[in-house]
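Thanks for coming, everyone. I would like to take a few minutes to go through some local features of this structure, beginning with the aromatic residues, so please have a look at it first.

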Amino acid sequence: MDQKEWAEKDYYADLGVSSSASADEIRKAYRKLARENHPDLKPDDKEAEERFKRAAEAYDVVGDEKKRKQYDEFRRMLKNGGLGGSGFPGGFRRTSGQGQGFSASDIFGQQAGQGGFSDLFGDIFGGAGGPRRQARPRRGADIETRITISFREAAQGTQIPVQLTGEAPCQRCHGSGSASGQAATCQSCDGTGYQSENRGAFGFSRPCPDCGGTGERVTDPCSNCRGTGTETRSRTITVRIPAGVADGQRLRLAGRGEAGPNGKPSGDLFVTVEVTADPLFRRSGDNLEVTVPVSFADLALGGTISAPTLEDTVRLKVPAGTRDGKTFRVRGQGIKNGDLLVTVKVAVPEKLSDEAAEALKAYARAERESGFDPRAGWEGA
């Protein structure tokens, strides 16, 4: 992202509010967008993920009173041509000192997409004459993996060991990259992480190529990792699966990705959870659904039946005259604070003994004589 693109961002539009919106309106707009576009709810929707990122970036600025004030002031300056220059109306204007050019990096810190608003406003508002902000340390790479767990493990929560192979902190130098464990200040940029140059009327800054913008250099590289601070090896990470995780849900483990160079922060580990089906239970939100086979006599005469739960069984009273397919609710026996929904379904025997058949025929005759018609009021009768 170049400086003009950064400067022309409209964070109010990204949140769908006006520039005069109240803090409460901004907060509600962000929560709505975050809820609708969260990657955990739409894991394969790239457009939703992009909307989520834009909303988060916008709220980080205009959701903060101080940053919002600075952002609004910056936009007014751009609108009035106060910054001018290449890509801005009116052209760059010289400073009034010793003929040095106006430095665009004094406005943007480092590249806007990397530094965020702390760098963007650091030199414009209240930072003039102060020390230059050091370049942000590079972090390790994010990594992704998938795990498969059972329905019951997902419902109750579990811990799964995951083996990963990739960049990890060097065991000999403990990730510093230095044989002595200490890095030296980069002499090329005096530890700032930047190098500046003047081109006529303009001044430019860029990350120092010798230290990669970190402000430090390894002068006594570790013989094991050759100064990188990382080595490729296998490691086992225990992933805690929270109770109630859904099939396809993506979990983020901050700082458990690949190690950053020379002791810099590690990336994140993203774990996509696949949940296998269960032979008994189905899930509806945090509720568990189960179908229990019963006999006709159980429903007609009433009684008590057993229904399975995730950990044990419960006893359920069935009133006389219960219809086939009725669902009973058992409070608190679902996932987390959900319920168990028990549906009773009549099981018809494939074969009857002679005694049972005679008894059933006798019942059928008594049923007819009592005037009961199972199709009474039915449209096909």
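Across the whole structure, a search finds four aromatic pairs, and I should say at once that we are looking at a predicted model. One of these pairs is formed by Y11 and Y71, whose rings are tilted, at 5.2 Å centre to centre and with 50° between the planes. Because Y11 belongs to helix 2 (residues 11-15) and Y71 to helix 5 (residues 65-79), this pair ties together parts that lie 60 residues apart in sequence. Y11 is buried, with a relative accessible area of 1%, and Y71 also counts as buried, at 2% relative accessibility. Ring pairs link Y11, Y71 and Y12 into a cluster.

Let me turn to the sheet. Three strands make up an open sheet in the order 2-10-9, with mixed pairing; strand 2 (143-149) and strand 9 (250-253) stand at the edges with a single partner strand each, so one side of each is left without a neighbour in the sheet. On average, and ignoring direction, neighbouring strands here are turned by 25° against each other. Strand 9 pairs with strand 10 (residues 269-275) in the antiparallel sense over four bridges, and L251 has V271 in strand 10 as its bridge partner. R250, for its part, lies over the face of F270, 4.2 Å from the ring centre.

Finally, helix 4 (residues 46-62): which of its residues are buried? They are A48, F52, A55, A58, V61 and V62. At the start of this helix, a side-chain oxygen of D45 comes to within 3.2 Å of the backbone nitrogen of E47.

Key:
Residues are numbered from 1 along each chain as its sequence is written. This is a predicted model: local features need pLDDT of at least 70, side-chain atom pairs count only at pLDDT 80 or more; totals for chains, interfaces and linings use all residues. Side-chain values use heavy atoms; hydrogens and water are left out. Two strands pair if DSSP finds at least two bridges between them. Helices (H or I, at least four residues) and strands (E, at least two) are DSSP runs, numbered from the N terminus. Axes are lines fitted to C-alpha atoms, for helices over the stretch in contact, and angles run from 0 to 180 degrees between N-to-C directions. Buried means under 20% relative accessible area, exposed over 50%, partly exposed in between (1.4 Å probe, protein chains only). A polar contact is a pair of N or O atoms within 3.5 Å; within protein, one must be able to donate a hydrogen and the other to accept it, and residues adjacent in sequence count only if both atoms are side-chain atoms. Rings of Phe, Tyr and Trp (its six-membered ring) pair if their centres lie within 6.5 Å; planes under 30 degrees apart count as stacked, over 60 as edge-to-face and the rest as tilted. A charge sits over a ring if NZ of Lys or CZ of Arg is within 6 Å of the ring centre and within 35 degrees of the ring normal.
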